[in-house]
Amino acid sequence: MLPPACLALGCEGIAAINTIRSVMGINLDTLRPEPCVEGYSTPGGYSYRAVKPIALEKVMSISRLLQQRGFREQGTSLSGIGGVETGGDAAEFILLGCDTVQVRGSSICICCCCCRCRCW
């Protein structure tokens, strides 16, 4: 559903974007899409640092739409997600119109590197 339709129905905010479903590649030996586990293929997830430029463009577009359609005056919030690792990354999302920025995967990875522990 498009953001204006969701907001017209009473949603108070939008979270954008998170992981993008994708085919990671084709194994040219087996001719199957990757990843392939025990003979079964499924789309994977394009995320982490690689998704940040796409996420920044999406939040910029959504922020403009919210402003143009008057949803910002109604208190609608926008939360940015995707490739956030540093305070600078979070600042970029905020400067493009996000009210909040979500951090999860990268913080877990940093924790594991610092502690030398196995999180997963």
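What follows is a chat about Arg-72 and a small set of strands in a predicted model.

User: Hi! Where is Arg-72 found?
Analyst: Hello! In this predicted model, Arg-72 is in the loop that links helix H2 (52-68) and strand E8 (77-81).

User: Is Arg-72 buried or exposed?
Analyst: Buried: Arg-72 has a relative accessibility of 19%, and the cut-off for buried is under 20%.

User: And which backbone oxygen lies 2.4 Å from a polar atom of its side chain?
Analyst: That would be the backbone oxygen of Gly-97.

User: Which residues is Arg-72 in contact with, leaving aside neighbours within four places in sequence?
Analyst: Ser-63, Leu-66 and Gln-67 are on the list, along with Ser-77 and Leu-78. Gly-97 and Asp-99 complete the set.

User: Thanks! Switching to the sheet: what is the strand order?
Analyst: The order is E1-E8-E9, an open sheet of 3 strands with parallel pairing.

User: Which strands stand at the edges?
Analyst: Strand E1 (13-17) and strand E9 (100-102). Each has a single partner strand, so one side of each lacks a neighbour in the sheet. From one strand to the next, the twist averages 25 degrees.

User: How many bridges are there between E1 and E8?
Analyst: There are 5, in the parallel sense. As for residues, Ala-15 has Ser-79 in E8 as its bridge partner.

User: Back to the helix, then: which strands does H2 lie across?
Analyst: H2 lies across E1 and E8, and runs at about 155 degrees to E1.

Terms used:
Residues are numbered from 1 along each chain as its sequence is written. This is a predicted model: local features need pLDDT of at least 70, side-chain atom pairs count only at pLDDT 80 or more; totals for chains, interfaces and linings use all residues. Side-chain values use heavy atoms; hydrogens and water are left out. Helices (H or I, at least four residues) and strands (E, at least two) are DSSP runs, numbered from the N terminus. Buried means under 20% relative accessible area, exposed over 50%, partly exposed in between (1.4 Å probe, protein chains only). A polar contact is a pair of N or O atoms within 3.5 Å; within protein, one must be able to donate a hydrogen and the other to accept it, and residues adjacent in sequence count only if both atoms are side-chain atoms. Contact means heavy atoms within 4.5 Å. Two strands pair if DSSP finds at least two bridges between them. Axes are lines fitted to C-alpha atoms, for helices over the stretch in contact, and angles run from 0 to 180 degrees between N-to-C directions.
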